[in-house]
Amino acid sequence: MDNQAIGTAIQTNIRTSLNVNDIKQSIAEHLFYTIGKPLTTATPNDYYLAVAYTVRDHMLKRWIETVGDFFSSKAKAVCYFSAEFLTGPHLGKNLVNLEMYDTMNRALKQFGLNLDEIIDLESEPGLGNGGLGRLAACYMESLATLGIPAIGFGIRYEFGIFNQQIIDGWQVEYTDKWLRLGNPWEIPRPERIYNVKLGGYTQHYTDSDGRYCVKWIPGRIVRGMAYDTPVLGYKVPTSTMLRLWKADSPESFDFQDFNRGDYYGAVEDKVTAENLSKVLYPNDEQMRGKLLRLEQQYFFISCSLQNLIEMHLLKEKSLDNFHEVFAAQLNDTHPSVAVAELMHLLLDEHKMDWDKAWNITQKTFAYTNHTLLPEALEKWSLPLFASVLPRHLEIIYEINHRFLHEVIHSSQRNTVSIEALSLIDENGEKFVRMANLACVGSYAINGVAELHTELLKKHTLKDFYKLYPQKFSNKTNGVTPRRWMMLANYRLSKLITETIGDGWIKDLEQLKQLEAFVDDKAFQKKWHQVKYENKAEQSNYIFANTGVKIYPDYLFDVQVKRIHEYKRQHLNLLHIITLYHRIKQNPNIDIIPRVFLFGGKSAPGYSMAKLIIKLINSVAHVVNNDPDVKNRIKVVFIPNFNVKLGQRIYPIADLSEQISTAGKEASGTGNMKFSMNGALTIGTLDGANIEIREEVKPENFFLFGLKADEIEQLQLQGYHPYEYYHNNQELKQVIDLISSGYFSKGDIGLFRHLVDSLMFHDSFMLFADYQSYIECQEKVDVAWRNRELWTRMSILNTARMGKFSSDRAIREYCKDIWKVCPRY
């Protein structure tokens, strides 16, 4: 029986029926047959699992048919290599994309259950830190919605990004045991296993045909096993696949060690191997952390490329056209070892000659750069790299030798820096430059916002741009409206659909139709009511989880993102303390009531970011409990910010804080989610802020701060933050308040490191931008007092967000880089 016949048979199956009674029956059967529980003893989590398996049944038919179509056609598949996939919870999104949300809700009511409560039970897969992993997840959903065959490759981390708790104002990390209660969305593939070599040495020899060969003798071998998760598109019969790899040992138990009484030694190899997929991004301050991180990256790349070669040979007779069957996108520098690994597999395992292998490799990979921060462009010390990947270091040396020879003999010789282009950094301790490897081994290089791409060309990758201008393009990031509007903000989505129809869900440019209603008083009233009801609902949640009472008629001023100095949460704090100081100077001052909401995690080893979190909570404690404030200002840090929490927070924001130092943020995607949901932005000309401002128009965006080129010029001239402190009385009062111990119960040393960093270095230009920021916030106050004006600006922000759909971004990748045609 072929796939079509199976599909026809399944169509009449209760498992794929959309009838309420059939869905109810399917849930009951999964409780009984899959989970092994009678209704009388089923727990809420049992019901969640039964609902999830019921939904998965509907997904699998689409997925299997998509896979069958790929193998029976000449379609080119997109392979998205990413160390992070921050998918968020699956149930709600899959119900939306299957158009099953209302039907499932009715079915669960017959069990006496609430669908939203069931959805909230799902553990979030913490397989990413923030924007990078969330972008990858949005792109996988858009690929499915556009009907493009695609596979996302990554790691099935047993423990994801840590759970954050705030204890005495400090971030404390706890293990994220997201798999503890099971994961109904993944399908284990115990037959899909690949050996991954690590360490050891190489042997060079000539075979019987006189061909030069290299054999890698590994020090140890780790096995990778695939776990597959279907990713559905919206209202289409297609699905993409997320394939994550779990590490294991080829031999899980050594009986000789066991029989000698060495019980730990009997399982030592298994424990060591499993560490590779144990935790997301180990702290790499120590050498052991660096070693594990490199091994992690190579582990998932090797498994993925071995898998792709095997898949290719099921479709084709030889690997000569590998690059015509698969387009592989490297999501930042973490997967860039793929360039060397594909060369290794083609040269050593499949006996290709160098030129053919290099031609295929260069035509297979495309590279997305996500950062302008030099420390984020990964480099590995040569001794470390050689200890893990001795064969790959040889290949990288050879790539580098041939590449530099080509440059030296090119017409560009006198316009580029050979030292900057080299794959090996030889300044002091020698390093392998992974971004350079990605640039040389890829046929396309892109940035993720217009400013970011220009800065890549001008600074970060300027010598590669001089050599290969044709490789470079911009692909501004986007986010999926299915999760970030339909699922996160059902009230707003309903209002929009009632007003302009539902075409916007797959074509976000249709939101422009809302502009016709921007001055409609009745529509403005409905728009304002949606925001108010969202704020009222989440105010209760915030009170229950933080103990801070907030009020929905206040201006909700929100900054939720990873905690980092360049994102400048502490600049936001300087404004809060400025307002607080003004109240203390004049308790009867007329200020608009505001709720300042913060959320985000610091990297565990990033002491300054952790100190910023402590300062936020210390300021919150003082401000929220000072009777002079009279509740006009509330400061709240919401712990453990993640996708689930983002779905609560983005729809309630009135003001979106996008205040990074100009020229530091590659793009940002939170800025897009806020604006889609009607928040106004206060921000610098950084990342995608520039394009958001262009789309919504300057009068609907609160702009402040120095531009990237002005910052560059100021730093060249000599930036002296102490002079700003000395010459700005209000800034001086704010900093003095922090240094005096006012927010630290008299402990003048607690925030000294933070204050000294600002006073004597201020690498991210807070003092230079302070006055402009304060004045811009005063413009926010003026606009907020005019409710009709604010509502009008809010409507226009949403109406003009069409550009920032991940569907648009994926269409651009398809057209300009991958050369594939969307089906829908």
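**Asking for reasons: helices, loops and a pocket**

Reader: What is special about phi at Lys 819, just after H34?

Author: In this predicted model, Lys 819 follows directly after H34 and has a positive phi of about 60°.

Reader: And what makes the span of helix H34 worth a remark?

Author: Helix H34 covers residues 806-818, and a straight helix of 13 residues would span 18 Å at 1.5 Å a residue. Between its end C-alpha atoms, H34 spans only 16 Å.

Reader: How do you know that Ser 805 caps the N-terminal end of H34?

Author: A side-chain oxygen of Ser 805 lies 3.0 Å from the backbone nitrogen of Asp 807. The cut-off for a polar contact is 3.5 Å, so the pair qualifies.

Reader: Which residues of H34 are buried?

Author: Among them are Ser 806, Asp 807, Arg 808 and Ala 809 at the start of the list, and Ile 817 and Trp 818 at its end.

Reader: Let's turn to H12. What makes you call helix H12 mostly covered?

Author: Of the 12 residues in H12 (residues 338-349), 11 are buried. Buried means under 20% relative accessible area. The buried set includes Glu 341, His 344 and Asp 348 along with Val 339, Leu 342 and Met 343.

Reader: Where is Lys 351, and what is notable about its phi?

Author: Lys 351 is in the loop between H12 and helix H13 (354-364). Its phi is positive, about 55°, although Lys 351 is not a glycine.

Reader: Why is Lys 351 called partly exposed?

Author: Its relative accessibility is 41%. Partly exposed is the class between under 20% and over 50%, so Lys 351 belongs there.

Reader: Is Asp 762 buried or exposed, and how do you know?

Author: Asp 762 counts as buried, because its relative accessibility is 1% and the limit is under 20%. Asp 762 is in the loop between helix H31 (752-760) and helix H32 (766-785). Phi of Asp 762 is positive too, near 45°, in a residue other than glycine.

Reader: Why is Val 622 called buried?

Author: Val 622 has 17% relative accessibility, and buried requires under 20%, so the label holds. This residue lies in helix H24 (residues 607-625).

Reader: What does Val 622 touch?

Author: Leaving aside residues up to four places away in sequence, Val 622 touches Tyr 580, Tyr 742 and Phe 743. The C-alpha atoms of Val 622 and Tyr 742 are separated by 8.6 Å, though these residues are 120 residues apart along the chain.

Reader: And why does Asn 797 count as buried?

Author: With a relative accessible area of 0%, Asn 797 falls under the 20% limit, so buried is the right word. Asn 797 is in helix H33 (residues 787-799). Its contacts, not counting residues up to four places away in sequence, include Ser 675, Leu 680 and Asn 700.

Reader: One last topic, the second largest pocket. What is its volume, and which residues are closest to its centre?

Author: The volume is about 860 Å³. Of the 33 residues lining this pocket, Leu 372, Pro 374, Leu 455, His 459 and Thr 460 are the closest to its centre.

Reader: Which helix gives the largest share of the lining of the second largest pocket?

Author: That is H18, which contributes 6 residues. By class, the lining has 16 nonpolar, 5 polar and 12 charged residues.

Technical notes: Residues are numbered from 1 along each chain as its sequence is written. This is a predicted model: local features need pLDDT of at least 70, side-chain atom pairs count only at pLDDT 80 or more; totals for chains, interfaces and linings use all residues. Side-chain values use heavy atoms; hydrogens and water are left out. Helices (H or I, at least four residues) and strands (E, at least two) are DSSP runs, numbered from the N terminus. The expected span of a helix is 1.5 Å times one less than its number of residues. Buried means under 20% relative accessible area, exposed over 50%, partly exposed in between (1.4 Å probe, protein chains only). A polar contact is a pair of N or O atoms within 3.5 Å; within protein, one must be able to donate a hydrogen and the other to accept it, and residues adjacent in sequence count only if both atoms are side-chain atoms. On a 1 Å grid over the protein atoms alone, a cavity is a set of points where a 1.4 Å probe fits but cannot get out, and a pocket is an open set with protein on both sides within 12 Å along at least five of seven lines; lining residues have an atom within 4 Å of a point. Grid points are joined across faces, edges and corners, and a volume is the space filled by probe spheres set on the points. Ala, Val, Leu, Ile, Met, Phe, Trp, Tyr, Cys and Pro count as nonpolar, Asp, Glu, Lys and Arg as charged, and the others, Gly among them, as polar. Contact means heavy atoms within 4.5 Å.
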